[in-house]
Structures are given as structure tokens and as C-alpha cells.
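Please open the model in your viewer, with selections by residue number at hand, and follow the stops below in order.

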Amino acid sequence: MKKIISALTLGAMVAGAAFADVGVTLNYRQRATLLSHNNEYGTTDEASKILFTDAYSGAGTDNLGINIGGDIASFAITVVGDESTTSKLRTKTLGADLQVGKVGLFAGFWSDGKVKGAYRNKADVDAGNMEGMDFEFKKLGSAYAGSPSFFVDNIVMPVNVTASESYAIGAKYNIRNFKACKLELNGVYISNETSDEKGSKSDGSLQGHSLVGLVEANTNYGTGEFVFKYGQSAYQNKDKKYADAMAFGAYLQPKIMNNLTATIGGAGSVVDGDFTDWSADLRLYYKMGALSFTSFHSYSALVDAEESIGKLNGTKNATTKGIADSAAVTNGKHGGTPVSRDSVLTNNLMVRYKVNSKFAVYGVVADMIGLGENGGKKLTDKDGKETTDALIQLRASAWAQFYAGGNSISVGVVYENYDVAETYGDSVQNIAIPMVFRVKM
């Protein structure tokens, strides 16, 4: 599989260079935390690991992207610094696209996903050219990290979402024979099988495969997409075999009014024949002159907390890109085993004001609230009735961004509170001053 994709990628590069004008673009981004202070741990490296963990929450990350494109083919590669070491680089994206008549072919590896960006309802400029923990805390789909419907409309993510390496090959075809509707069909095969230099399969990784189908419709009343995934999960059933899993999701973007864009929809998962979890998403974006509002809301729930959680690829914690339940509780105190929540509600609101062409300010507020019987700490009132005191996590930030052509520098102040309601005692709080530097060429 890996050799096939490498050959297609090389072919796309040659075709793009031979048959069309070649354009090269560079995209460089570095995020650095200038200061991080925690009320329990003080100003230490551990402070940034207590709350809202993210793959790019360390001292900084280089992000260098190169794109070669033409009328027939295109090739993209993104190289970043390895977060676990300062002396190595890793490939974040290695993808190729080839157009053959009305059929588009693509192959490669996309660690950030391959997704229809419009349904994210995220304007890159209004997000301050930032990602992940600083803006879009959660993708469409489940908030449970092990759910097959996690980041469900990512057509290159298998149902085994814990797969470390996933290589994909796919095709898309546009149908334009309908007067009031245009359809785009996508079919993808995904494998995370890896081989050593001798060609034998490597040990230690799940030999899982997935098939993905996505249909998008574009009408006069709006757009919509439906995605379906089927493959092998990381859950082992009673026969000690990796169980089959399915994920499905549907999202609509209706035309409501000028300057307002809305995405609404939901997703679900089936593992070993059982319906395990479901989610619903609502995203709103409104622009009024120099002022813009972006609002993301999501609800995720387990069908049966006791049975479903064990089937979600062995991952029990609810997580988002920027708000993660990584430092949960043990014996009623902070730190230790993640809480297994029945349901999770996440909210994210951003307001941005463009002062002029060189300067903009914006603020972001996000939370994650545990709901249901296991949503937080169980309490018993004087009458013996059990209730649950919810665990609420909060992240708020304010930013100033300076532009120079296509380049920008953003400086912000971030406040994080792991336990707003002090459900498990004194809340753990963190204040950080990050800076994001971005260059586009």
C-alpha cells in the first residue's frame, strides 16, 4: 500500500511539472509559549501539561508546507518539527492529486486530515490564521477520542482512529446532470499497514483497513454532505478478534441570510454490532463589516456508559483538540485516571474586530462540561438522593494580531481553569502568554 501511494505521488509530481506551469508556495508557522504559570506547579514545564493538552502546546512548532500544482496534477508536502525532540523533523502531509477526465484521484498521508473545509465554518482570517488549541477546539463528530465517528468527515481517517499511520488512496467524481443539484462522489480506501525494509509487516500496530464513502450535494437552498465509514476497530470482541465498526454522519449548510453561514448535523458509531455513541454539532459564522462572530457548539453522548466506553478503541476519555480530559481525578482529587463521562457538551465563541489592514484584535472563550450520571462527582443529599456535580473546564484568551503583507504575528494571554465549579476541590488554573508567527510566500 505504501509503495503504491509513493508511486502515485511521484507520478503526480512528474505530471504536474511536465504538463503545466509549476507554482510553489511556502507556509511557515511557529507557536511559542513565552510564559506559563500554574497555581499548583508554578512556572515550570509541567504547567503547560496540566490543562488542555494539545500536540502543539510545547515551546514551538515549525510548519513548512510546499505545494506544486498544475492543471493535471498537484503535490503537497508539509514538514514539522517533531514535538518529542528538537533534533528531528517529521512529515505531516504527503499527498498527491491527479485529474483524469472527470475523475479526480488522490493518494497519500494527511495527519491533519483531508476534509471539506466549508463545513468547518471557519474563516482562516477571522481565526487569526491559527488552528487547534487556539481556535478550533473540536472537529465535527464525536468528542470521544476513541469513537469511530471522531472527526467523522475526515475521509482519510479510519474507524480505528488510534491508528498511528494511515495511508489512503481515493477518487472523486462530479455529477452535473441535475439542473437544481450538483453531486460529488468520493470513495476512499485506508490502510495503516506498515512494512520494514525487507517487506515484512511490522509488529505492534493494528493491521486495520477502512472504506469511506462521502456524497456531497450542492443545491439552490444550500449544501449537504453524508459520510459513511466501515472497517476494523481496535476493540477485541469475545472471540479475541478485532471487531468491525461503522461511522456515519450528515451535515447541512442551508442558505438562511446574507453574511450568516450555519452548519448543522450529527454523527454516530456502531462497534461489533452495537450502537455505541452519537453526537450533534451546530456552527455559526456571522460577519458584519469589520466585526465577525464565530460560534461552535457540540454535544456527544454514550448510548450505554458501562458497555459503550470499552468499545471505543480502548480510549475512555472525552477530549477535544484544545480542551482535553488528560489530568482527571483519582479518589476525588485532581490528577490520575480520566473521568468516563456519559455525555459531553462543548462550546466555543470567538469575536474578532479588524481595526485596519495592519491590526486586529479578538477574543475566544471555550468550555467543556461533563453531563450525565458520570459527568462529574457524585453527591448524596440529606434525603439519600444521588446527584452529580458537573466537571466544567474553561479556556479564555485575548489576542492582538499584526499584519505585514501575507505575514502575521499574534500575541495573546490565555487563562485556563480545569475545574471551574471546584467539583474536585480547589481548581487548577493556568495563565500563559503565547506568540504565533506565520509567514506565507
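Select F106 to begin: this residue is buried, with a relative accessible area of 4%, where buried means under 20% relative accessible area, exposed over 50%, and partly exposed in between, for a 1.4 Å probe and protein chains only. The model is a predicted one, in which local features need pLDDT of at least 70 and side-chain atom pairs count only at pLDDT 80 or more, while totals for chains, interfaces and linings use all residues. Residues are numbered from 1 along each chain as its sequence is written, and side-chain values use heavy atoms, with hydrogens and water left out.

Keep F106 and add W110, which also counts as buried, at 13% relative accessibility. Their ring centres lie 6.4 Å apart with the planes at 75°, so this pair is edge-to-face; rings of Phe, Tyr and Trp (its six-membered ring) pair if their centres lie within 6.5 Å, and planes under 30 degrees apart count as stacked, over 60 as edge-to-face and the rest as tilted.

Now add K114, whose charged end sits over the ring of F106, 5.1 Å from its centre; the criterion is NZ of Lys or CZ of Arg within 6 Å of the ring centre and within 35 degrees of the ring normal. Selecting R283 and F296 shows another such arrangement, with the charged end of R283 4.0 Å from the centre of the F296 ring.

How many aromatic pairs does a search of the whole structure find? The search finds six. One further aromatic pair to select is F248 and F275, which is stacked at 6.5 Å centre to centre and 20° between the planes. This pair links distant parts of the chain, since F248 belongs to strand 10 and F275 to strand 12 (residues 274-288), 27 residues apart; strands here are DSSP runs (E, at least two residues), numbered from the N terminus. F248 counts as partly exposed at 29% relative accessibility, and F275 counts as partly exposed at 41%.

Next, select V152, I155, A168, V188, V212 and Y251, which touch the most other members among the 16 residues of the largest nonpolar core, a core being a set of buried Ala, Val, Leu, Ile, Met, Phe, Trp, Tyr and Cys residues joined through side-chain atoms within 4.5 Å. Strand 5 (103-110), strand 7 (181-191), strand 8 (209-219) and strand 10 (242-254) are the elements that give two or more residues to this core. Finally, move to a second, separate core of 10 residues, which includes F135, F137, V364 and V414.

Technical notes. Helix = DSSP H or I, 4+ residues; strand = E, 2+ residues; numbered from the N terminus.
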